[in-house]
Amino acid sequence: MPDIPIGNQVFDLVFHPKQDFVYVGTVAGEIKGFSYDAEGEYQEKLSIRPTMRSCRGLDMSVDASKLYSVGKDKIFHILDAETGKTVEQRANAHESSINRIATLNEHTIVTGDDEGVIKFWDPRKPEAIRSFEHHFDFISDFHYLPVKKQLITTSGDATVSVIDIRSNKKDPLAHSEDQEDELLSIVPIKKASRFVVGTQLGTLLVFNQAKGWADSVDRVPGHPSSVEALCPFPGADNVILTGSSDGMIRALQLYPTKLLGVIADHGEFPIERLKLDRESRWLGSVSHDNILKMTDVKDALEESDGEGEEEGKGKGVDLDAEDALDKDSSDDEAQNEGEEAEEKESDSGSDSEDEPVKESKKRKKKKNPDPLGTKKKKNPLEGTGDPSFFAGL
């Protein structure tokens with residue numbers, strides 16, 4: 001599909017859950033809507049301007065009849081999704097500019113602002129039904145777990161928090177330690193058992209639900225610039241799409257870690273948002289280049305080599321590395337005992353020429369807080385994260 005010109009810088013987009021239709025919100029406060037088809041043809045159907053300030057966040061109601069908009073004017077706008085007319089608005093919904101919005105269910109919407117305040121709304125009520133203030137910097141992203149009724153939030157204050165949306169308590173269910181970098185985006189992998197978080201410095205942090213939210217269990221270096229947006233890759237539970245401030249949209253496999261390729265780019269402009277349409281075929285991406293780019297990700301990795309192509313489609317992925325990261329302490333002890341037994345057996349029949357081998361085994365026994373940080377020539381992303389790896393992409 002050719003790039004769709006918008007005319008202004010785009011901050012957010014949302015796909016219609018029932019139709020081939022996409023909305024975008026711009027720095028000028030405009031909201032535009034476009035229909036598109038399987039052949040890549042598009043047509044502008046809607047152009048409105050509910051505010052003179054920037055539109056930073058968009059989402060839709062569960063039944064797709066309403067379009068929700070938030071931004072710098074601190075107003076929560078509720079619009080008719082078909083006509084664009086304002087149905088109602090909540091003036092001064094936040095004391096600071098609103099940065100994010102997400103629809104959780106039919107009667108629950110969440111917003112987050114520049115000062116870290118999170119508010120829950122019921123569209124049937126004029127005021128917020130709940131508010132949280134445990135973050136002290138901008139809210140960058142949300143991910144909702146409907147089964148557990150939990151909202152995961154990332155913030156510029158370098159922490160992740162988990163909120164039980166049914167609870168009336170003022171404190172979150174969990175709040176991570178300081179991760180020493182702004183957290184900008186989040187995406188689930190492995191059936192939402194783990195979450196990948198993008199950071200300002202380009203390192204990806206991995207959180208494991210089973211091990212709690214106090215700290216990340218893994219760090220994946222390699223991106224030369226900040227990871228502003230994350231999105232799952234269709235059909236592969238351990239492949240994600242990363243949108244970086246260097247303008248590149250990459251397909252990255254985790255466990256084992258491998259860069260599968262660059263599937264799109266916005267030149268040198270930073271990526272603001274990545275979202276998939278209802279059929280997970282078209283990837284919508286927006287940046288500072290005043291366009292909406294629609295990339296067909298169904299066959300995005302077809303031109304890769306055979307191994308990469310299969311992994312990009314979620315086939316034949318080796319999960320041994322992941323299993324190694326998830327072992328309980330008892331399993332770790334058993335593994336260490338096995339290594340010690342092997343060393344003793346090797347020591348009993350070794351001579352001076354075997355000394356380097358024994359030294360190597362002893363090194364393996366040392367705890368490595370970053371299993372993916374070891375140097376491996378076969379996988380540049382698992383090395384020191386040298387930015388030169390991405391320089392030619």
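In this predicted model, the charged end of R130 sits over the ring of F120, at 5.9 Å from the ring centre. The ring of F120 is also engaged with that of F132, the two forming an edge-to-face aromatic pair whose centres are 5.8 Å apart and whose planes enclose 75 degrees. This pair links distant parts of the chain, since F120 belongs to strand β12 and F132 to strand β13, twelve residues apart. Both partners are withdrawn from the surface: F120 is buried, with a relative accessible area of 0%, and F132 is likewise buried, with a value of 2%.

The structure holds eight aromatic pairs. Among them is the pair of F76 and W121, which is edge-to-face, with 5.6 Å from centre to centre and 65 degrees between the planes. Because F76 lies in strand β8 and W121 in strand β12, this pair ties together parts of the chain that are 45 residues apart in sequence. F76 is buried, with a relative accessible area of 0%, and W121, at 2% relative accessibility, also counts as buried. Ring pairs further link F76 and W121 with Y68, and the three residues make up a cluster.

The strands that carry F120 and F132 belong to an open sheet of four strands, arranged in the order β10-β11-β12-β13 with antiparallel pairing. Strands β10 (98–105) and β13 (130–132) stand at the edges of this sheet, and because each has a single partner strand, one side of each is left without a neighbour in the sheet. On average, neighbouring strands of the sheet are turned by 20 degrees against each other, direction being ignored. Within the sheet, strand β12 (residues 118–121) pairs with β13 in the antiparallel sense over three bridges, and K119 stands opposite S131 of β13.

A second open sheet of four strands has the order β2-β3-β4-β5, and its pairing is again antiparallel. Its edge strands are β2 (10–15) and β5 (42–48), each of which pairs on one side only. Neighbouring strands in this sheet are turned by 20 degrees against each other on average, when direction is ignored. Strand β4 (residues 31–36) is joined to β5 by six bridges, the two strands running antiparallel, and G33 stands opposite L46 in β5.

The loops on either side of strand β9 provide residues with contrasting exposure. K85, which is placed in the loop between β8 (76–80) and β9, is exposed, with a relative accessible area of 60%. Apart from its neighbours within four places in sequence, K85 is in contact with I78, L79 and D80. The C-alpha atoms of K85 and I48 are separated by 8.2 Å, although the two residues are 37 residues apart along the chain. S96, by contrast, is found in the loop between β9 (86–90) and β10, and it counts as buried because its relative accessibility is 16%, below the cut-off of 20%. When residues up to four places away in sequence are not counted, S96 touches K74, D113, D114 and E115.

Backbone geometry was examined at several further loop positions. A cis peptide bond, with omega of about 0 degrees, joins Y255 and P256, and P256 is found in the loop between β24 (248–253) and β25 (258–265). E180, a residue other than glycine, has a positive phi near 65 degrees and is found in the loop between β17 (174–175) and β18 (183–189). N290, also not a glycine, has a positive phi near 65 degrees and lies in the loop between β27 (282–286) and β28 (291–296). The two residues fall into separate classes of accessibility: E180 is exposed, with a relative accessible area of 70%, whereas N290 is partly exposed, with a value of 30%.

With regard to cysteines, a search of the whole structure finds zero disulfides. Two cysteines may be described by their burial: C55 counts as buried at 1% relative accessibility, and C231 counts as buried at 4%.

Terms used. Residues are numbered from 1 along each chain as its sequence is written. This is a predicted model: local features need pLDDT of at least 70, side-chain atom pairs count only at pLDDT 80 or more; totals for chains, interfaces and linings use all residues. Side-chain values use heavy atoms; hydrogens and water are left out. Two strands pair if DSSP finds at least two bridges between them. Axes are lines fitted to C-alpha atoms, for helices over the stretch in contact, and angles run from 0 to 180 degrees between N-to-C directions. Buried means under 20% relative accessible area, exposed over 50%, partly exposed in between (1.4 Å probe, protein chains only). Contact means heavy atoms within 4.5 Å. A disulfide is a pair of cysteine sulfur atoms within 2.5 Å. Rings of Phe, Tyr and Trp (its six-membered ring) pair if their centres lie within 6.5 Å; planes under 30 degrees apart count as stacked, over 60 as edge-to-face and the rest as tilted. A charge sits over a ring if NZ of Lys or CZ of Arg is within 6 Å of the ring centre and within 35 degrees of the ring normal.
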